[in-house]
Amino acid sequence: MNPNRGILPTFLVFTIIHCLSREATAQQRECVSDLDCAGLYRPGSTCLFSGQCSNPFIDGCLRSVKPSQSSEDQRIRLCNSDDDTEDSYCRSSPFNYPEIRVHNQDWEAAIFFSWIIQISLMEFLDVPVTIGMGSDTKESSFYNFENNLPFSSKSYSWEGIRKANEVGGNCLLTDEECVNLITDVWVSQADVMAREYADGQLDYLDGNGQVGRLSWWVPKYTAVRHPFTVTHLGLSQNHHRVAEIFKRPTTWGDYCNEVSLSNCTVPDGVADRYPGKDDAGKYFADGYIGHFRATAENNCTGVENNSTCTGHIVAPPCTWSTFIETQTYWLELALKSSGPNYVNGGYTYSEMIQIWNAANATQSDVMMQWAEPDTVVELYRNTAAEFTKVYLPTPSLQCEAARLTIEERCSEDPVVRRGTKEGACDNSAHITKKAIAISLRDSTLALSPAEQSPAYSFIQNFNIDQLQINEMLSHYGAGGRTGYAAREAVCTWIANNTDYLQSLIPPSHPKIFQSRDDYEETVTILAYSVGFVSLVYILLSTAITFRKRKAAEFVYAQVQFIFVVLFGLSLVALGAVLHGMEPDDMVCCSRIWLVGLGYAFELVPLIIKVTALNHMMKASQQIRRVKINPSQLYTSVMMLASLVAIYLIIWTTVDPAKATEIRKLEPDSITVTSHFGCRSESQYWQTGYNLWEGMLVLWASVLAFQTRNVQAEFNESKSLGMMCYSHFIFLMLRVIVSVLFEEDAYTSSLATSYLLSVDIILAITIYLVPKMVSSGCTIQELGSRLSNFSGSFQAQAVGTNAPLVPITEKPERFTSGATTMSSFSERISTLSGTDRISMLSTTEETEAPVAPEDNKASLKSPEDHGVHGKQPTLTQIHPRSSVSHWATDRTESLNSSTGESPISTTRKVKPTPDDPTVSRLKHQVKRLKQALVRKDEENEDLQQMIAFLQDTSTAQEGEIQRLSAK
């Protein structure tokens, strides 16, 4: 048999070698114009300053290979973080999905996987994707401006997976090595994957559809020349022949320095020139076809070398799932790898390809451990240098269990690297896997359905079977294994398998994006209108209140507090108007401040006022006199309002509400609508404020209930309770709206605007309108009516025992003698205590009843009883010294001094023109009127009591004059 039969002619071999070269030399130019690049590659490729053609797929894969397809395919591709968003070759996405980073690894199949994922996500699903580990992402991208094909510096970036988990899946937050996905993990990493999965770093491990296998190979021409080389049994029985056949490869630099007679100064058919610095370590390159030579390790002559000589086998790095040292030692195979890797003598991925190319170019025998699927395997398929498998013992579970770990394979101790005999079987085929960072899953599921990226689900579903991988690798190899050939192979496969890739897209994707312009709708304008109506209603109420500020109803309600309440409601009304406006950062902060302070200024004054009233009611029941300092009341209002202001300041400083885009997934599960709403990072701020407002409403309600039995003129429990109930209902409605429409900020804001406006209108209607529509009788008018009220007492005959009674019929409670008058005195004390809301200080004091010692002492003027120089008030009358007791005591004192018998229930006295009893009664009536005029109060019971005092004073004066005349 002719050993050279079927070998490619020499000129064809050199042609293939030239096509297999990955990079053109620095002196070689591809183009001088864009037309050259369009003709050489595809339209869209331009001639760069370096003389190389640019990547024709820079603006997208589908639009380049499917120009006659739908408009969807004609869209330029999505931008990622490596792009300038102003560039014309990419577009931004309205979905703003988080960016995914995929590790490209250091072999072609893995790069193809990463590019397919990048194209599918960016052109089908609008998910930005970068390729690489960090600083290398721009040059590793399918859309890189240059037509290069860079390999990663690492086979597996497990550190990048951990870093991605540390930063929550967002690799843009770090400059360190960071990846979300490793697409092609082989069985050599089984121990690492298991450890990372157990540590919670990896998501569920799933296959990528590829069946991988690491095997020993020889070229077909070697198998033809030396058939024994394709089994471990043949190799073990031909020790010296193995050492003789499989020589060791020589680098270009070593060849010129150690083999070439001219040191490569003259072309010799192997090397055309002396290598440059970058080419000296290559085993095959443009200008050097490679060389294999027998070294001292191949020499089997002599007793010493008879058993130690070895042939050469090209071993991969120890990080691969390689067990060559275990297999050669325990199977007694005279093979050893002599590569530059000091641990196991292995070679890098590119060096291994160079050695196989050199063997093919020189027709040298070579044995190499290599993985399939791979481009090189497909490149040499059906050629004389086709990869032919070398069979080792069949793998078993026992053998797999005895395999060395990656740490043992890379150990510096050769004994450790040999392992045990049980682990010397062949490598088994396995499905390669995808390693997905757990943070990719967690960050995706943490988002709302409208914001969830389809990337995680697509990557989970992603798999490509062996035949499809082989097709791309074959296309790539036929195109010359260049950067453009790789992109052309991947993009052509995607264009031919669009339906399959779209079947991997998760349900409800791709989404349809719609931007809502709801703030221009009629319902929004209506919300403005209702808000302005409430504001006008407040201004009108303020004007009416100011006009009727001296009316008894407003005097009793403390008109100053009413103005504060109206001010607070006006703030809430402005907040209601802003809730109907399209939000920006200023509007969002203003909404919170206006509504928060508004309700504080509305509810807090009412709480303070009712608390003071309730305090005085309790004091009157204990027969104590209470004076209230108005400045303290206003200070209390400001202090409670300041608490709200402090909370709002902290909220605005730490986590201000901002205009945030809110996305809502419509019922069709495909359409995503976008609008803007006011949001803080944390919703606890709004929850805290709602609790505060609810506490104020509850506080006011409790106080209103406690004052339900207060005198009618001061009793606002019904209106205040109804208003608090209304506030509580609307607060609950606002909370319910915010929960139900959490994803629809527009509807929530609009509904809140309506609720605030209606709440304001009802609050004014319940609390103030009844006061506005009353008769509006002022205190001055009250005094006039009191002076016109004439109740005279009819004197009965002297000597009778009948008491004095008024001629005009009075209510029963005014005609029940001293006990009735005592109860009225207590009423006076109570009412005067209420009247003292605006006094300067809060004190409690009692004074003993006046006990007359003699006529002179009993006739002391009012000034001598402690009221000189002050405006006397009803609280200065001791609660237990009723007016009737006082008048009786004075009458008895006068009668005792004259010695006359009593008339009816009183003693006979000789009246004087300045009778102290009459003077005292007149004085009290006068002071009471002055107090009422000064404080603008109106009280029905007080009116009747004052009238009764006037009638009593007139009757007593008439009786004294009548007795004096007698």
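Buried here means under 20% relative accessible area. Keep that cut-off in mind for the tour, which runs through a predicted model.

**The whole chain**

Start zoomed out, with the protein as a cartoon. You're looking at 37 helices and 18 strands. Of the 966 residues, 54% are buried. Switch on the surface and you have about 43,600 Å² exposed, with carbon and sulfur atoms supplying 56% of that. As for the contacts with a separation of 6 or more, 74% of them link residues 24 or more positions apart.

**Stop 1: helices α20 and α21**

Select residues 466-478 for α20 and 483-496 for α21. How do the two helices cross? Their axes come within 8 Å, at roughly 145°, and the crossing of α20 past α21 is right-handed.

Now show side chains. From α20, the contact takes in Gln-468, Glu-471, Met-472, His-475 and Tyr-476. On the α21 side, pick out Ala-485, Ala-486, Glu-488, Ala-489, Val-490, Thr-492 and Trp-493. Colour the residues of this contact by type and you get seven nonpolar, three polar and two charged.

Stay on Gln-468, in helix α20. Is Gln-468 buried or exposed? Its relative accessible area is 15%, and the cut-off for buried is under 20%, so Gln-468 counts as buried. Leaving out residues up to four places away in sequence, Gln-468 touches Trp-493 and Asn-497.

**Stop 2: Thr-375, with a cis proline on the way**

Next, go to Pro-373, in the loop between β9 (368-372) and α14 (375-379). Look at the peptide bond joining Glu-372 to Pro-373: it's cis, with omega about 5°.

Then select Thr-375, which sits in helix α14. Thr-375 is buried because its relative accessibility is 0%. Which residues does Thr-375 contact, leaving aside neighbours within four places in sequence? They are Glu-108, Leu-473, Tyr-476, Gly-477 and Arg-481. You've already met Tyr-476 in the contact of α20 with α21. Draw a distance between the C-alpha atoms of Thr-375 and Ser-474 and you should read 6.3 Å, for two residues 99 apart along the chain.

**Stop 3: Gln-452 and its surroundings**

Jump to Gln-452, in the loop between α18 (438-445) and α19 (455-461). With 23% relative accessibility, Gln-452 is classed as partly exposed. Show what Gln-452 touches, not counting residues up to four places away in sequence: Tyr-97, Thr-444, Leu-445, Leu-447 and His-509.

Two of these deserve a click. The backbone oxygen of Leu-447 lies 3.1 Å from a polar atom of the Gln-452 side chain. Tyr-97 is 355 residues from Gln-452 along the chain, yet their C-alpha atoms are separated by 7.5 Å.

From here, follow His-509, another of the residues that Gln-452 touches. The peptide bond from His-509 to Pro-510 is cis, with omega near 0°. Pro-510 itself is in the loop between α22 (498-503) and β12 (512-515).

**Stop 4: two asparagines with positive phi**

Select Asn-96, in the loop between α3 (62-65) and β1 (100-103). Asn-96 isn't a glycine, but its phi is positive, about 55°. At 56% relative accessibility, Asn-96 is exposed.

Then try Asn-263, in the loop between α11 (252-259) and β6 (291-293). Asn-263 also has a positive phi, near 55°. Its relative accessibility is 36%, so Asn-263 counts as partly exposed.

**Stop 5: helix α6**

Finish on α6, residues 158-166. Which residues of α6 are buried? Highlight Trp-158, Gly-160, Ile-161, Lys-163, Ala-164 and Asn-165. In an α-helix there are 3.6 residues a turn, so residues three or four places apart point the same way.

To see what the buried residues of α6 pack against, add β3 (181-185), α7 (190-198), β11 (430-436) and α18 to your selection. Finally, step past the end of α6 to Gly-168, where phi is positive, near 70°.

Key. Residues numbered from 1 in each chain as written. Predicted model: local features only at pLDDT ≥ 70, side-chain atom pairs only at ≥ 80, totals over all residues. Heavy atoms only, no water. Axes fitted to C-alpha atoms, helices over the stretch in contact; angles between N-to-C directions. Helix = DSSP H or I, 4+ residues; strand = E, 2+ residues; numbered from the N terminus. Left-handed = near helix turned anticlockwise from the far one by under 90°. Contact = heavy atoms within 4.5 Å. Nonpolar A, V, L, I, M, F, W, Y, C, P; charged D, E, K, R; others polar. Buried < 20%, exposed > 50% of the residue type's maximum accessible area, 1.4 Å probe, protein only. Polar contact = N/O pair within 3.5 Å; in protein donor to acceptor, adjacent residues only side chain to side chain. Areas by Shrake-Rupley, 256 points an atom, 1.4 Å probe, with all protein chains shown as cover.
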